[in-house]
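Dear colleague,

I am handing over the structure below, and I would be glad if you could look through it alongside my notes. My remarks follow the sequence and the coordinates.

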Amino acid sequence: MPPDLNRRRVLAAMAALPVDGPGGAEPAPASLRAAARLSGRWYGGAARLDHLQGDADFRAALVRECGVLTPELELKWAALEPRRGELDFRRMDALIDFARQAGVAVHGHTLVWHRSIPDWAQAAMQGPADWRLIERYFASVIPRYGEAITRWDVVNEPIDPAAADGLRDSAYKRAFGPDYVRRALETARVFAPNAKLMINEYGLEYDDAEDRPRRAAFLRLLDRLQAKGAPLDGVGLQSHLNLGKGRLSQTSLRAFLHELAARGLFVSVSELDVKELDYASPVERRDAAVAALAQAYLDAALDEPRMVGVTTWGLSDRYSWLEVTPADLRRFPGAWRDGSTPGVNRGLPLDAALQRKPMYQAMLAAFAAAPGKTAGSSII
Ligand code: XIL
């Protein structure tokens, strides 16, 4: 679809909403989910059940803005099975019920992640390798949410470019060898015959000394998996952007996404947020920097026709996992002497008061300008 037609549709959707603001002159913007939908994609946010349950305003904002909800904690193995065989589905079930009632889809994050292995399973994996451990876990979780979850991050963060095989030295790799990624996909496929199976990874966003080898290792992993016929449908780029990382190359990002798409995979932005660098500037300057980076990233990412959706890791700065650290503050000696504070990291579309920020507008603009997608229309 030509970008201008897309933009007209977004503007039409905006105009249909009631006006807001004192003058009433500005039409209220459409939601992010509506803007994404107009480009044939999804927009979603990650959130925790306790925040959704305890904060009605946040809950309303999430339902208004997000077509997809990613459980921030509730679907991780350590949260579900803290003691062997004692599966506690209460929080995840509640999250699914909430999403169903709100008309929001749920993204399956995540089955195999080195940072969410229960202690007892860590210990078990140090004994003789027994894949039934993983089978049992998948069998108890995946079919339970079979209707509600149509996309799974089967493996999260497997890459370490420093390793000879490009795979992180995790408990999974130590127990089952580097083939564990393929086996996890095969096992997930048994229990989720129709779901989209994905690998999710970070550090693929920049054309710098850190991310370049990560991109190469990631592509090598995908090639090995595909050579063995592993059931892999798509990949998630976490997209934790960082204003301290220097320039973002749209050209190299487009080329990397093209490499992924050329493998027949669909691609998504799965955990977008922006870590700030300069906490001492006026808020307007900070917000403009965050918005510019998010827009530069999304403008390039959404050029890829096989890019199917965008999720931010959180929705509001009120509950961002990104913190302003003491080390961040030490970079600005003498700042905040007047008793003011830098506040929270402002790297999500809504501020801590749930107001739309320049990043929000940048995302609307990126969706409006995005060419239509070609891949996987059934997965949004
Ligand atoms: C994070 C959550 O946001 C935190 O609350 C939790 O303590 C640790 O996990 N990449 C991922 C996510 O894939 O699962 C992580 O979520 C953030 C980094």
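The notes below take up one strand and then one loop residue.

Please keep in mind throughout that this is a predicted model.

I began with strand β1, which covers residues 42–47 and has six of its six residues buried, so the strand is largely enclosed by the rest of the structure. In a regular strand, side chains alternate between the two faces of the sheet. In β1 both faces are covered, with W42, G44 and A46 buried on one side and Y43, G45 and A47 buried on the other.

As for its pairing, β1 runs parallel to strand β9 (residues 307–312), to which it is joined by four bridges, and within β9 the residue that partners W42 is G309. Strand β2 (residues 68–71) is likewise parallel to β1 and connected to it by four bridges, and here G44 has V68 as its bridge partner.

The second place I looked at is S281, which is found in the loop that lies between β8 (266–275) and α13 (283–301). Is this residue buried or exposed? Its relative accessibility is 14%, and because the cut-off for buried is under 20%, S281 counts as buried. The side chain of S281 makes a polar contact of 2.5 Å with the side chain of D278, and a further polar contact, at 3.5 Å, links the S281 side chain to that of R285.

With best regards

Notes: Residues are numbered from 1 along each chain as its sequence is written. This is a predicted model: local features need pLDDT of at least 70, side-chain atom pairs count only at pLDDT 80 or more; totals for chains, interfaces and linings use all residues. Side-chain values use heavy atoms; hydrogens and water are left out. Helices (H or I, at least four residues) and strands (E, at least two) are DSSP runs, numbered from the N terminus. Buried means under 20% relative accessible area, exposed over 50%, partly exposed in between (1.4 Å probe, protein chains only). A polar contact is a pair of N or O atoms within 3.5 Å; within protein, one must be able to donate a hydrogen and the other to accept it, and residues adjacent in sequence count only if both atoms are side-chain atoms. Two strands pair if DSSP finds at least two bridges between them.
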